[in-house]
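Visitor: I'm new to looking at proteins, and a whole structure is a lot to take in at once. Could you pick a part, take me up close, and show me what sits around it?

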Amino acid sequence: MAGRHLRTRKFSSPAGIAATAAVGVLLAVGGTVGVVQLTSGEPAAESALAEPAVAESLPVAPAPTSASPSATPSASASPSTSPSPKATASPKATRTQAASRSKTRTASPKPTATKAAPAPKVVDSGSCGASFYDEGQMTANGETFNPNAMTAAHKTLPFDTKVRVTNPANGKSVIVRINDRGPYIDGRCLDLSRAAFAAIASTDLGEVTVRYEVLG
């Protein structure tokens, strides 16, 4: 009975009634606000989702071709605008311009094989003194003496005989042709022209001992 009395007093007091009414009002207001928020949030979400779709459906204007940096180089450097190399250089045209192709070709002459002359045969040899002379006069065979020619005088050898004259002191040699007689000095067997003597020794010497070989 005491419990029931305390419960009856709690609900029958003005403070308890006021508190109960306040709780009920708060519950009612909170539920209303939640419903309003839920109701007002759905269209906002739908509109947020719908806006990208609208933006995606709008047509995008193409970029102007004149402002593209790659349009000008591609148009100026296009390989199709360059002239074709076939039009300027034709192998057929080059062949027709060669006038030498229409001419008759002759076979080039074959080089003839030259046989080396056999070495002259030595028929006599010896040593003696040799001098030179260069005065202008007639030779014994009737020629005009030429001091610049490779000639020599000998006492007995036939005219036009070839003689190889070598200076043992330096190894130099020269071949002379006999066209005159002399020399008439003891110990000398050859009198060379000035040019022949200069080929084997200095003309300042005047006379040298030589080795001679008569060539057949």
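Guide: Sure, let's warm up with a spot that's fun to find: the charged end of Arg181 sits over the ring of Phe159, 4.3 Å from the centre of that ring. Keep in mind as we go that this is a predicted model.

Now for the part I'd like to show you up close, strand S5. This strand covers residues 188-193, and 5 of its 6 residues are buried, so S5 is largely enclosed by the rest of the structure. Let's see which strands it pairs with. One partner is strand S1, residues 122-133, which pairs with S5 in the parallel sense over 5 bridges. Another is strand S2, residues 151-153, which is joined to S5 by 2 bridges, and here the two strands run antiparallel.

You can pick out single residues in these pairings. Look for Leu192 in S5: Phe132 has Leu192 as its bridge partner, and Ala152 stands opposite Leu192 too. So you can use Leu192 as a landmark, with Phe132 and Ala152 both facing it across bridges. Elsewhere in S5 you'll find Arg188, and Gly129 stands opposite that residue.

Bridges aren't the whole story between S1 and S5. Search the whole structure for disulfides and you find 1. Cys128 and Cys189 form it, with their sulfur atoms 1.5 Å apart. Cys128 lies in strand S1 and Cys189 in strand S5, so the pair ties together parts that are 61 residues apart in sequence. If the word is new to you, a disulfide is a covalent bond between the sulfur atoms of two cysteines. Both Cys128 and Cys189 are buried.

Let's follow S1 away from S5 for a moment. S1 is also joined to strand S6, residues 207-215, by 9 bridges, and these two run antiparallel. To see one spot along that pairing, find Ser131, which stands opposite Glu207 in S6.

S1 also takes part in some ring pairing. The structure holds 2 aromatic pairs. One of them is made by Phe132 and Phe197, and it is tilted: the centres are 5.0 Å apart, with 35° between the planes. Phe132 lies in strand S1 and Phe197 in helix H6, so this pair ties together parts that are 65 residues apart in sequence. Phe197 counts as buried because its relative accessible area is 0%, under the cut-off of 20%. Tyr133 and Phe145 form an aromatic pair as well, and that one is stacked, at 4.5 Å centre to centre and 20° between the planes. Here Tyr133 is in strand S1 and Phe145 in the loop between S1 and S2, 12 residues apart, so the pair links distant parts of the chain. Tyr133 and Phe145 are both buried.

Back to helix H6, which spans residues 194-198 and includes Ala196. Ala196 is counted as buried because its relative accessibility is 0%. Leaving aside residues up to four places away in sequence, Ala196 touches Met150, Thr151, Val174 and Val176. Ala196 is also 9.1 Å from Val165, C-alpha to C-alpha, though the two are 31 residues apart in sequence.

Val176 gives us a link to another residue, since Thr161 touches Val176 too, along with Arg177, Ile178, Val214 and Leu215, again not counting residues up to four places away in sequence. You'll find Thr161 in the loop between S2 and S3. With 14% relative accessibility, Thr161 counts as buried.

One last stop is Asn167, in the loop between strand S3 (162-166) and strand S4 (173-180). Asn167 is buried too, with a relative accessible area of 5%. A polar atom of its side chain lies 2.9 Å from the backbone oxygen of Ile200. Ile200 is also among the residues that Asn167 touches, together with Lys172, Ala201 and Thr209, not counting residues up to four places away in sequence.

To retrace the tour, start from S5, largely enclosed by the rest of the structure, cross to S1 by way of the disulfide between Cys128 and Cys189, and then go from Phe132 to Phe197 in helix H6.

Note on methods
Residues numbered from 1 in each chain as written. Predicted model: local features only at pLDDT ≥ 70, side-chain atom pairs only at ≥ 80, totals over all residues. Heavy atoms only, no water. Helix = DSSP H or I, 4+ residues; strand = E, 2+ residues; numbered from the N terminus. Buried < 20%, exposed > 50% of the residue type's maximum accessible area, 1.4 Å probe, protein only. Polar contact = N/O pair within 3.5 Å; in protein donor to acceptor, adjacent residues only side chain to side chain. Contact = heavy atoms within 4.5 Å. Pairing = 2+ DSSP bridges. Disulfide = S-S within 2.5 Å. Phe/Tyr/Trp six-rings, centres within 6.5 Å; stacked < 30°, edge-to-face > 60°. Lys NZ or Arg CZ within 6 Å of the ring centre and 35° of its normal.
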